[in-house]
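Reader: I would like to learn how to read the features of a fold one at a time, beginning with a single residue and ending with the sheet. Could we work through the example shown here?

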Amino acid sequence: MKEQLVYLGVDIAKSHLDVAIGNEKRRFTNEALGHGQLIKWVKRLEKPVQVICEPSGGYERVLVRALLGAQLKVSLVPANRVRQFARAAGILAKTDRIDAEVLCAFGEAMRPQTIGASELEQEHLRELESQRRHLTHLLVMEQNRAARVSDVCVAEIKSQFDQPDQKAD
């Protein structure tokens, strides 16, 4: 008989991770040490685990890489789906601990697809491309602006950059 998959909800904040699995709740730091402690704890559990979390402005990236590197199943689910699920279940309060519990329940009810390392790398490449596009746009704007500025102004600005310790009047 196949072992039943257990879902572990992880609410990701800048400095910490709130984790819920069944009736157990824990908190880990959102850094390499905390990720290692979380992985070690999950590996000690008796059943196979799938980690459910939401994208959280990039704070999840290092954790997801660590979990995938440890051969754990991971799902990134859209926050609005989880929030709608919570509302449907009558859960209106919103704290990190409650969010972790909701993510756990969402996993059990919805059984979301897992992601792979290639999908994480694709997202990373999309972000790099977006940042490059933004910086290129800024560079063109500054080049256009510099073309309209008189030589005297440009020389004055350059002299201020050459002497950063002096304050401009």
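Reader: In which helix is the place of Leu138?

Author: A residue is first placed in its element, and in this predicted model Leu138 lies in helix H5, which covers residues 117–148.

Reader: Is Leu138 buried, partly exposed or exposed?

Author: The class follows from the relative accessible area, where partly exposed lies between the 20% and 50% limits; Leu138, with 35%, is therefore partly exposed. Together with Leu135 and Met141, Leu138 makes a nonpolar surface patch of about 240 Å².

Reader: Turning to the sheet, what is the order of its five strands?

Author: One reads a sheet by following which strand pairs with which, and here the open sheet runs E3-E2-E1-E4-E5 with mixed pairing. Strand E3 (24–29) and strand E5 (73–76) are the edges, each pairing on one side only, while the twist from one strand to the next averages 25°.

Reader: In what sense do E2 and E3 pair, and over how many bridges?

Author: Strand E2, residues 16–21, pairs with E3 in the antiparallel sense, and the pairing extends over six bridges; within it, Ile21 stands opposite Glu24 of E3.

Reader: Which strands does helix H1 touch as it packs on the sheet?

Author: Helix H1 (residues 32–44) touches strand E1 (6–12), E2, E3 and strand E4 (49–53), and its direction makes about 150° with that of E3. Helix H4 (residues 96–110) also packs on the sheet, touching E1, E2, E3 and E4, with its direction at about 145° to that of E1.

Key: Residues numbered from 1 in each chain as written. Predicted model: local features only at pLDDT ≥ 70, side-chain atom pairs only at ≥ 80, totals over all residues. Heavy atoms only, no water. Pairing = 2+ DSSP bridges. Helix = DSSP H or I, 4+ residues; strand = E, 2+ residues; numbered from the N terminus. Axes fitted to C-alpha atoms, helices over the stretch in contact; angles between N-to-C directions. Contact = heavy atoms within 4.5 Å. Patch = residues over 30% accessible without salt bridge, like charges linked within 9 Å, V, L, I, M, F, W, Y side chains within 5 Å. Areas by Shrake-Rupley, 256 points an atom, 1.4 Å probe, with all protein chains shown as cover. Salt bridge = Lys/Arg side-chain N within 4 Å of Asp/Glu carboxyl O. Buried < 20%, exposed > 50% of the residue type's maximum accessible area, 1.4 Å probe, protein only.
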